[in-house]
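I open the notebook on a new chain. The plan is to start from a single loop residue and work outwards to the sheet and the core.

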Amino acid sequence: WRALGSCRGADVMLRAGCEVVRRVASRGATAARVQGSAATKSALAAPVARSGVVPRADVAIHNCCSTRGFAGASAASSGHGHGHGGSGDTTETIDVTFHEKDGSVTTVKAPIGQSMLEVAHRNDIELEGACEGSLACSTCHVIINSTQVYDSLPEPDDDENDMLDLAFGLTETSRLGCQVFASKEIDGMVLSLPKATRNFYVDDFVPKPH
């Protein structure tokens, strides 16, 4: 009986020892899993911190805010443009009235700096201009109806005077339309087109620069 009791006592002690070992091993495994999970999270977070990459949720919020900001800026810009008239065309103009050959009267807007020949062509007014403004003909001859307006213009140079000498129906206020340019000083100017023109322009003629 003593021997049997000793064996049973040894068996109990062995089982108790095994249970202790199992619990310790289980705790160790749990601790290892926790540490492994933490290490994994740290490893994943490190590249993000180094690269500055924002997590997906934050990226979506960031993009949403950026899109709204862009749309707001675009709307503000669009509103600013409409506040200035929308078309964006700020070219200054003056009024010029043409008395045409057929007796009709046409008033048009002439952009500042544009010649009367250009203004006439842009508005379908029959002012010939055979040499296209190169001072080689008198077909853009116009008559200014006001001596005051005529006197406010720069004086014609020798080339223009030479062509005016060839013009049909020359008057004291005659000018070539290609040499009269729109300016604020002549706003409201009235021009008459002669009933006829003299075209001495030759197709083979090469106009000299001016």
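I went to leucine 127 first. It sits in the loop between H3 and S3. The model is predicted, and I keep that in mind for every entry here.

Is leucine 127 buried or exposed? I find a relative accessibility of 4%, so leucine 127 counts as buried; the cut-off for buried is under 20%.

I then listed what leucine 127 touches, leaving aside neighbours within four places in sequence. Met116, Leu117, Ala120 and His121 are in contact with it, and so are Thr139, Cys140, His141, Val142 and Leu193. I also checked lysine 101, 26 residues apart from leucine 127 along the chain. Their C-alpha atoms are separated by 9.3 Å.

**Threonine 139**

Thr139 is one of the contacts of leucine 127, and I looked there next. Threonine 139 also has its place in the loop between H3 and S3. Its relative accessibility is 1%, so I enter threonine 139 as buried.

Which backbone atoms does the side chain of threonine 139 reach? I noted two. The backbone nitrogen of glycine 129 is at 3.2 Å. The backbone nitrogen of alanine 130 lies 2.8 Å from a polar atom of that side chain.

Threonine 197 came up as well. It is 58 residues apart from threonine 139 along the chain, yet 5.5 Å separates their C-alpha atoms.

**The whole chain**

I stepped back for an overview. I count five helices and five strands. Along the sequence the pattern reads α-α-β-β-α-β-α-α-β-β. The chain has 210 residues, and 25% of them count as buried. The exposed area is about 14500 Å², with 56% supplied by carbon and sulfur atoms.

I also looked at contacts with a separation of 6 or more. Residues 24 or more positions apart account for 65% of them.

**The sheet**

In what order do the five strands stand? I read S2-S1-S5-S3-S4, in an open sheet with mixed pairing. S2 (105–111) and S4 (174–176) stand at the edges. Each has a single partner strand, so one side of each is left without a neighbour in the sheet. The twist averages 35 degrees from one strand to the next.

Then I took the pairs one by one.

- S1 and S2 run antiparallel and are joined by seven bridges. Aspartate 95 stands opposite lysine 109 in S2. Their hairpin has five residues between the strands, and there glycine 103 takes a positive phi near 95 degrees.
- S1 and S5 run parallel, with four bridges. Phenylalanine 98 has leucine 191 in S5 as its bridge partner.
- S3 (residues 141–144) and S5 (residues 189–192) pair in the antiparallel sense over two bridges. Isoleucine 143 has serine 192 in S5 as its bridge partner.

**Serine 192**

I followed that last bridge to serine 192, in strand S5. With a relative accessible area of 18%, serine 192 is buried, the cut-off being under 20%. Its side chain makes a polar contact with the side chain of asparagine 145, at 3.0 Å. Leaving aside neighbours within four places in sequence, I list His99, Val142, Ile143 and Asn145 as the contacts of serine 192.

**The core**

Which members of the largest nonpolar core touch the most other members? I get Val96, Phe98, Met116, Met189 and Leu191, out of 28 residues. S1 (93–99), S2, H3 (116–122), S3, H4 (147–152), H5 (158–164) and S5 each supply at least two residues of this core. The largest share, four residues, comes from H3. As a general note, nonpolar side chains tend to be buried together in soluble globular proteins.

I looked up leucine 191 in detail. Not counting residues up to four places away in sequence, leucine 191 touches Val96, Thr97, Phe98, His99 and Met116. Val142, Ile143, Ile144 and Asn145 complete that list.

**Glutamine 114**

My last stop was the loop between S2 and H3, where glutamine 114 is found. Its relative accessibility is 12%, so glutamine 114 counts as buried. Which residues does glutamine 114 touch, not counting those up to four places away in sequence? I wrote down Val119, Arg122, Val180, Phe181 and Ala182.

Methods:
Residues are numbered from 1 along each chain as its sequence is written. This is a predicted model: local features need pLDDT of at least 70, side-chain atom pairs count only at pLDDT 80 or more; totals for chains, interfaces and linings use all residues. Side-chain values use heavy atoms; hydrogens and water are left out. Buried means under 20% relative accessible area, exposed over 50%, partly exposed in between (1.4 Å probe, protein chains only). Contact means heavy atoms within 4.5 Å. Accessible areas come from the Shrake-Rupley method with a 1.4 Å probe; for residues, only the protein chains shown count as cover. Two strands pair if DSSP finds at least two bridges between them. Axes are lines fitted to C-alpha atoms, for helices over the stretch in contact, and angles run from 0 to 180 degrees between N-to-C directions. A nonpolar core is a set of buried Ala, Val, Leu, Ile, Met, Phe, Trp, Tyr and Cys residues joined through side-chain atoms within 4.5 Å. A polar contact is a pair of N or O atoms within 3.5 Å; within protein, one must be able to donate a hydrogen and the other to accept it, and residues adjacent in sequence count only if both atoms are side-chain atoms.
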